Amino acid sequence: MLLSRFFLPTLKETPAEAQIVSHRLMLRAGMVRQSSAGIYSWLPLGFKVLKKIEQIVREEQDAAGCQELLMPTIQPAELWRESGRYEDYGKEMLRIKDRHERDMLFGPTNEELITDIFRKEVKSYRQLPKLLYHIQWKFRDEVRPRFGVMRGREFLMKDSYSFDLDKAGAVRAYNKMFVAYLRTFARMGLKAIPMAADTGPIGGDLSHEFIILAETGESQVYCHRDLVEKDWLGERIDYEADLQPIVDRFTRLYAATDEKHDATQATKLGEALVSARGIEVGHIFYFGTKYSEPLGAVVQGPNGENITVEMGSYGIGVSRLVGAIIEAHHDDKGIIWPESVAPFAVGLVNLKSGDADCDRVAGDLYAKLSANSVAVLYDDRDERAGVKFADMDLIGLPWQLVVGPKGVKAGQVELKNRKSGERQELAVESALARLLG
Ligand code: ATP
Ligand code: MG
């Protein structure tokens, strides 16, 4: 992509309305723009990151044996009356009437809708277990939308739902999601710590929130120091094997959100207790028959008996993650994207656009990298070097490849790592080999 053509409205000034660093940087880097309170448009740079995150989430869900489908954003109120949540959900739910005066709503979550699909299509125990997910926009009319995409009103969520014959099966599904979440967040360069959590309005009795420690987090959390140090991606996972030992390794150590915090137990940790602020990026629940019972999601068992299925639901805040990753990866110059979610892998900076030699060398690098499927943002603008460097640092691509008149004469370019700040003068071919390697 040529920067001269890319729609990237960066800002020099810090927008006054943004209170936390990720929100400031997302506005400054031209990733999002607010359309009304808590509702955002995703501009090309932000949209690329959102899609990358979504794809990692998808790959790890698929690997765990969860199947993707897509449910609508607009749901009929009847279903929510059946579960009893139409009234319970209160003002957070955006209620809509269609032209026939039918009550509809913009889904804040999908337990009712997926249970309705299940009860109509699945009739026998032989069809179980089922593990289904979608990645779809949700709407919750939050009292206090703030911090940009972190607490929006419209936001993108991955939500999975499990259906099993008995509690043991439901716990197996829960454990699959538990492990898939560890992998998902680790692939994005995040340490998301699973913490015992309150089950809230969704209800149920087994629940973990996946929390990233950050000063700007909205939740107060407590955990054992070893959880912060742990390596999360070390092993290959066989999702058909018993995952309980892996889950136990994490849940053995104390970790709890404010609502579940047990001060007596926590003080026993002494020096090992970490008390910090956290951002909730995922939440998993086992809730048994809370929805299958009222909605009548029943299958026939091996002896012809009726079995009300056991369910769980598992959410990831896909759009919140964009902000959360920035909270975890930035410096005073801007964003520092982990390679796995970077909108482009390389920022190619031509320090003297219009100079025949610089244009030739930079153009050649751009062509070769692109031909090898390396995503490059080529700054071909007629701008001062300072402006180009500042923009590149702001948007945080992992590598900067700098072509300048002096280097070009010596057949050299500069390769800079955004994270470490390390710069190297390299022959053009070696720089290319490095980026292709
Ligand atoms: P919170 O406690 O932050 O309000 P929640 O517990 O209501 O979230 P869940 O129902 O567990 O949210 O939703 C699953 C995930 O969706 C959350 O873990 C979070 O990452 C994300 N999420 C929830 N609400 C929002 C929001 N208003 N804006 C962006 N992401 C959200
Ligand atoms: Mg939650």
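These are my notes on a metal site and two pockets in a predicted model.

**Entry 1: the magnesium ion.** I began with ligand 2, the magnesium ion, and asked which protein residues act as its donors. I found Glu280, through OE, and His283, through ND1, at 2.1 to 2.3 Å from the ion. I then looked up how accessible these two residues are. Histidine 283 has a relative accessible area of 11%, and because buried means under 20%, I noted it as buried. Glutamate 280, at 25%, counts as partly exposed, since that class lies between 20% and 50%.

**Entry 2: the largest pocket.** I next turned to the largest pocket, whose volume is about 1,000 Å³. Its lining is made up of 45 residues, and Arg140, Glu209, Glu280, His283 and Arg320 are those that lie nearest its centre; I recognised Glu280 and His283 there as the donors of the magnesium ion. Which element gives the largest share of this lining? I found that β13 does, with 7 residues; among the other elements that give two or more are α4 (85-88) and β16 (310-317). Sorted by class, the lining of the largest pocket holds 14 nonpolar, 16 polar and 15 charged residues.

**Entry 3: the second largest pocket.** For the second largest pocket I wrote down a volume of about 320 Å³. It is lined by 18 residues, with Pro129, Asp164, Gly169, Arg172 and Lys176 the closest to its centre. Both β7 (130-139) and α6 (167-187) supply at least two lining residues, and α6 gives the most, with 4. By class I noted 8 nonpolar, 3 polar and 7 charged residues in the lining of this second largest pocket.

Methods: Residues numbered from 1 in each chain as written. Chains lettered and ligands numbered in written order. Predicted model: local features only at pLDDT ≥ 70, side-chain atom pairs only at ≥ 80, totals over all residues. Heavy atoms only, no water. Donors = N, O, S within 2.8 Å, 3.2 Å for Na, K, Ca; no water. Buried < 20%, exposed > 50% of the residue type's maximum accessible area, 1.4 Å probe, protein only. 1 Å grid on protein atoms, 1.4 Å probe; cavity = no way out; pocket = protein on both sides within 12 Å on 5 of 7 lines; lining within 4 Å. Points joined across faces, edges and corners; volume = space filled by probe spheres on them. Nonpolar A, V, L, I, M, F, W, Y, C, P; charged D, E, K, R; others polar.
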